Amino acid sequence: MRQPRLLVARRLFGDLLEPLRAHYRLDVHDSDVPLSPAALTARLQGCWGLLASGTERVDAQLLAACPDLRAVSLVTVGFNNLDLPACQARGLLLSNAPGVLTEATADFGLALLLAAARRVGEGERFVRAGQWQGWAIDQFAGAPVAGTTLGVVGLGRIGAAIARRAHHGFGMRIVYSQRRASPEAVALQAQHLPLTDLLRLADHVVVMVPYGPDTHHLIGAAELALMKPSATLVNLARGGVVDDVALASALQSGRLAAAGLDVFEGEPAVHPHLLACPNAVLTPHIASSTLPTRRAMVQLAVDNLLAWAEGRPGPSPI
C-alpha cells in the first residue's frame, strides 16, 4: 500500500519527525512563518494528516476543500484553532499535547507575575538606558507577592500548578473561579468564588482558561474595574480572553498597577496601546519554551500520529 501523505505545517525538531517516515510521506513546511489559509489548503491536497501548531485554522471551509484530510495532531495544548463541530462531522482523528508543558508554563506564570508586580521590566530598562544614578528609598517600589491573595481564573492543570507554587512557596492565599469546584482546591485550601468576587478580593490575578466564544473578553473593562488599583493581571491563556484595549486603558489610567502578558489578540501583532504601557511585561508566547518541554510537545504529537498509523488509539485524543 502507498503511504498516506502528512503535512508538517511548521518548523519542528527534524530528528523527532524521522520515525514518521516509516508510515507517512512527509511534506514539511520548514519555516517559522505560518502558511496562509490559501497555502495551507493547497499543501493539504491529497494529505491524510496534518501535524500543526495552534496557528493553522482547521474549519469547515478548509475541510470542504481538503476531502482527504482525516487526522490533525497538534503540538499545542490549546485547540481553539480547530472548528470542533466541523472536525467531528468529518470524523477526524484529533489530538493535542496536554500535560507535558504544565510545569514549564507554571514556572513562567509565576515569573511573569513577579516581574510585573515587582516592576522588573521597568527597572531593567532603566538600567540599560543609563538612567540609574543611585539608590532611592522608593525607587521602582512594587507590590508585595508573598502572603497576598492570588486569584486563579481556571484551576486546571496549569492553573493548579501555578497555585501550588504560590501557596506552598510564597504563602499566598488561593481563590479561584471556574464552573465547577476543582479537586485541587482541598490541598491548596483554595476558595471557590464567582469571578466578580475573585476580582474584587485578589491582589494578583492569573488567567488560565481555554479560549472560545464563552471566554472571549472574559476580562474586559467591567471586570478590570472591579480589581484593586494595586493589583496585577497575568494572562497565560490565549489572546482574546482579555480585552487588550481595555487592559491598556486601565494600565495607562492607573486603574490597574501592572500586567504580565504572554498572549495577545491578533498575535504576533501587539496593540500599540499595550506597547506604550511601561507597567506591562510583554513576552512572545514563550511560557512553555524550555527545550525539553518543546521537544516533549512535538514528541507527543508524533506519538499520536504513530499510534494512528498502527491502528491504535493516540495517547492524547481531543
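**Group meeting: a cavity, a pocket and some backbone oddities**

Okay, let me start right inside: helix 6 supplies the largest share of the lining of the largest cavity, three residues. Keep in mind that this is a predicted model.

So how many cavities of 30 Å³ or more are there? The count comes to one. Its volume is about 40 Å³. If you want to click through the lining, pick Ala115, Ala116, Arg119, Val120, Gly121, Glu122, Ala258, Pro278, Asn279, Ala280 and Val281. Three elements put two or more residues into that wall: helix 5, at 102-117, helix 6, at 120-128, and strand 12, at 280-282. By class, the wall of the largest cavity splits into seven nonpolar residues, two polar and two charged.

Let's stay with helix 5 for a moment. Helix 5 has 16 residues, and from first C-alpha to last it reaches 22 Å, close to the 22 Å you'd expect at 1.5 Å a residue. Is it enclosed or open? Well, twelve of those 16 residues are buried, so helix 5 is largely enclosed by the rest of the structure. Among the buried ones are Phe108, Leu110, Leu112 and Leu113, and Ala115 and Ala116 are buried too. Those two alanines are the ones you just saw lining the cavity.

Now, what follows helix 5? That's Arg119, with a positive phi near 60 degrees. Arg119 sits in the loop between helix 5 and helix 6, and it also belongs to the cavity lining. At 28% relative accessibility, Arg119 counts as partly exposed, because buried would need under 20% and exposed over 50%.

Why flag a positive phi at all? Most residues other than glycine have a negative phi, and most peptide bonds are trans. There's another case like it: Gln189 is not a glycine, yet its phi is positive, about 50 degrees. You'll find Gln189 in the loop between helix 8, residues 185-188, and strand 8, residues 191-192. Gln189 is exposed, with a relative accessible area of 64%. And on the peptide bond side, the one from Glu267 to Pro268 is cis, with omega near 15 degrees. Pro268 lies in the loop between strand 11, at 258-261, and helix 12, at 272-275.

Next stop, helix 11, residues 244-253. Its buried residues are Asp244, Ala246, Leu247, Ala248, Ala250 and Leu251. What covers them? The cover includes helix 10, strand 10, strand 11, helix 12 and strand 12. At the start of helix 11, a side-chain oxygen of Asp243 comes within 3.1 Å of the backbone nitrogen of Val245. After the other end comes Gly254, with a positive phi near 85 degrees.

Leu256 is in the loop between helix 11 and strand 11. Buried or exposed? At 2% relative accessibility, Leu256 counts as buried. Not counting residues up to four places away in sequence, Leu256 touches Leu224, Met227, Lys228, Pro229, Ala231, Leu233, Leu247, Ala250, Leu251 and Asn279. Notice that Leu247, Ala250 and Leu251 are among the buried residues of helix 11, and Asn279 is one of the cavity-lining residues. For a sense of distance, the C-alpha atoms of Leu256 and Cys87 are separated by 41 Å, and the two residues are 169 apart along the chain.

Over to the second largest pocket, with a volume of about 200 Å³. Its lining includes Pro34, Leu35, Ser36, Pro37, Thr55, Glu56, Arg57 and Asp59. The elements giving two or more residues here are helix 2, at 37-43, and helix 3, at 60-65. Which of them gives the most? Helix 2 does, with three residues. The class breakdown for this pocket is five nonpolar, four polar and three charged.

Last one, Ser177, in strand 7, which covers residues 173-177. Ser177 is buried, with a relative accessible area of 9%. Where does its side chain reach? To the backbone oxygen of Leu193, at 3.4 Å. Leaving aside neighbours within four places in sequence, Ser177 is in contact with Val152, Val153, Gly154, His192, Leu193, Pro194, Leu195 and Leu198.

That's my tour, thanks!

Methods. Residues are numbered from 1 along each chain as its sequence is written. This is a predicted model: local features need pLDDT of at least 70, side-chain atom pairs count only at pLDDT 80 or more; totals for chains, interfaces and linings use all residues. Side-chain values use heavy atoms; hydrogens and water are left out. On a 1 Å grid over the protein atoms alone, a cavity is a set of points where a 1.4 Å probe fits but cannot get out, and a pocket is an open set with protein on both sides within 12 Å along at least five of seven lines; lining residues have an atom within 4 Å of a point. Grid points are joined across faces, edges and corners, and a volume is the space filled by probe spheres set on the points. Helices (H or I, at least four residues) and strands (E, at least two) are DSSP runs, numbered from the N terminus. Ala, Val, Leu, Ile, Met, Phe, Trp, Tyr, Cys and Pro count as nonpolar, Asp, Glu, Lys and Arg as charged, and the others, Gly among them, as polar. The expected span of a helix is 1.5 Å times one less than its number of residues. Buried means under 20% relative accessible area, exposed over 50%, partly exposed in between (1.4 Å probe, protein chains only). Contact means heavy atoms within 4.5 Å. A polar contact is a pair of N or O atoms within 3.5 Å; within protein, one must be able to donate a hydrogen and the other to accept it, and residues adjacent in sequence count only if both atoms are side-chain atoms.
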